[in-house]
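Open the structure in your viewer and set it to a cartoon display. This tour tells you what to select at each stop and what is there.

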Amino acid sequence: MMIVRGIKNFPKHCKTALVSIWRNGVMSFSSIFAVTITLLLIAVVMTIALNVNKITVNIENSLTIYVKVDRAATDEQSKAIEPQLKALKGVKDVKFSSKDQELNKLIASQDKNNKKLFENYRNDNPLGDAYTVEVKDVKTLDKVAKKIENIQYVNEVTYGGSSTNKLVKILENIRNGGAIFVVALVIVVLFMIANTIKMAITARSTEIAIMRMVGASNWYIRIPFMLEGAFIGLFGAIIPIVALRYGYTFAYEQLTQMMGAGLVAFVSPFPFVYQLSGILLLLGAGVGLIGAFFSVRKFLKL
């Protein structure tokens with residue numbers, strides 16, 4: 001029965017909430033403006049954090065150790081290195097490349113003139129066999145590389161080293177810092193909307209007292225204020241969503257043209273923009289509802 005009554009009164013509660021926003025014009029506008037700025041910051045920080053996360057994952061997935069085998073090693077000695085590499089703790093995958101394949105890669109990477117020059121080495125290949133070792137975790141890169149150096153007939157071990165680990169740590173710090181910043185901004189929005197609702201409650205304290213005297217339930221009094229908080233959050237999300245839709249699409253196109261494909265790959269605008277827009281709407285409305293709920297609850301206890 002209460003649910004049916006609540007559904008029936010919902011349009012009336014929405015109208016009451018919108019009228020209250022209009023009546024408290026200055027306070028409502030300042031709250032909507034503050035929510036807009038905060039949600040805009042949240043959108044920017046979340047966009048940066050998610051793109052940094054994608055770049056970090058790409059770097060971690062592409063981290064490999066390049067192992068050169070001594071030229072003096074026989075085919076049997078060279079092939080015997082593979083099971084030793086696979087047996088190392090932290091190794092995810094091992095790929096073998098013969099000296100002929102290595103020469104092909106070298107020739108393919110040269111310009112026209114140099115290609116002809118390197119073709120002369122077909123009969124007397126100066127290169128040795130090689131292995132590409134993929135690790136499970138970037139944090140074990142140094143340890144695995146040092147163990148590989150001790151394997152017999154390994155001539156040289158090449159990888160990003162400590163500089164790669166530092167880069168990944170920096171990106172992880174940016175990502176984690178962004179998450180903390182977003183939480184802090186959400187708390188700020190919560191307090192701002194709560195203060196706006198408190199002002200509206202104070203202005204209508206006599207009306208609320210009369211409603212309580214005639215037997216209005218706490219929920220009947222509370223719902224319009226909660227809807228008011230939700231509407232403030234929703235109105236505040238409009239400009240950030242528009243800015244995200246067009247701003248991120250433009251930035252993505254420009255940065256992709258500059259960077260090209262590779263490790264520095266950004267999150268595709270669609271469906272990312274729609275997903276983040278949905279989050280902003282839910283965040284604005286949800287924080288508004290929560291802020292209003294606690295403000296009214298505190299007042300109704302008096």
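The stops below go from the whole chain to the sheet, then to the aromatic rings and the nonpolar cores.

**Stop 1: the whole protein**

Keep in mind throughout that this is a predicted model. Show everything as a cartoon and you will find 11 helices and 4 strands. Of the 302 residues, 37% count as buried. Now consider contacts between residues at least 6 apart in sequence: 82% of them join residues at least 24 apart.

**Stop 2: the sheet**

Select the strands. In what order do the strands of the open sheet lie? The order is β2-β3-β1-β4, and the pairing is antiparallel. Colour residues 91-97 and 154-158 to mark the edge strands, β2 and β4, each of which pairs on one side only. Look along the sheet next: neighbouring strands are turned by 20° against each other on average, with direction ignored. As background, strands of a sheet pair through backbone hydrogen bonds, either parallel or antiparallel.

Zoom in on β2 and on β3, residues 130-135. These two strands pair in the antiparallel sense over 6 bridges. Select K95 and you will see T132 of β3 standing opposite.

**Stop 3: two helices on the sheet**

Add residues 99-108, which form helix α5. Helix α5 packs on the sheet and touches β1 (64-69), β2 and β3. The direction of α5 makes about 85° with that of β2.

Then add residues 141-149, helix α7. This helix also packs on the sheet, where it touches β1, β2, β3 and β4. Its direction makes about 10° with that of β1.

**Stop 4: the loop before β1**

Select L63, in the loop between α2 and β1. Is L63 buried or exposed? L63 is buried, with a relative accessible area of 8%. Draw a line from the C-alpha of L63 to the C-alpha of V133: the two residues are 70 apart in sequence and 8.8 Å apart in space.

**Stop 5: aromatic pairs**

Show the side chains of the aromatic residues. How many aromatic pairs does the structure hold? There are 6. A pair of rings is described by the distance of the centres and the angle of the planes.

Start with F96 and Y131, a tilted pair with 5.1 Å from centre to centre and 55° between the planes. This pair links distant parts of the chain, since F96 is in strand β2 and Y131 is in strand β3, 35 residues apart. The two rings can be compared by their accessibility. F96 has a relative accessible area of 29%, so this residue is partly exposed. Y131 has 0%, so this residue is buried.

Move to F270 and Y274. Their rings are also tilted, at 5.3 Å from centre to centre with 40° between the planes. F270 and Y274 are separated by about one helical turn because they are 4 residues apart in helix α11 (residues 269-300). F270 is partly exposed at 35% relative accessible area, while Y274 is exposed at 53%.

Next select Y248, Y252 and F272, which ring pairs link into a cluster. Finish this stop with R245, which lies over the face of Y246 at 5.0 Å from the ring centre.

**Stop 6: the nonpolar cores**

Which residues have the most contacts inside the largest nonpolar core? They are I42, Y248 and L280, in a core of 34 residues. The elements that give two or more residues to this core are α1 (2-23), α2 (25-62), α8 (161-203), α10 (218-259) and α11. Helix α2 gives the most, with 10 residues.

Return to Y248 and show what surrounds the residue. Leaving aside residues up to four places away in sequence, Y248 touches nine-residue company you can pick out by name: T47, N51, A243, F266, V267, S268, P269, F272 and V273.A second, separate core has 19 residues, including V67, V69, L88 and I151.

**Stop 7: a serine in α11**

Last, select S277 in helix α11. S277 counts as buried because its relative accessibility is 9%, and the cut-off for buried is under 20%. Show its neighbours as sticks: not counting residues up to four places away in sequence, S277 touches I241 and L244.

How values were computed: Residues numbered from 1 in each chain as written. Predicted model: local features only at pLDDT ≥ 70, side-chain atom pairs only at ≥ 80, totals over all residues. Heavy atoms only, no water. Pairing = 2+ DSSP bridges. Axes fitted to C-alpha atoms, helices over the stretch in contact; angles between N-to-C directions. Contact = heavy atoms within 4.5 Å. Phe/Tyr/Trp six-rings, centres within 6.5 Å; stacked < 30°, edge-to-face > 60°. Buried < 20%, exposed > 50% of the residue type's maximum accessible area, 1.4 Å probe, protein only. Lys NZ or Arg CZ within 6 Å of the ring centre and 35° of its normal. Core = buried A, V, L, I, M, F, W, Y, C linked by side-chain atoms within 4.5 Å.
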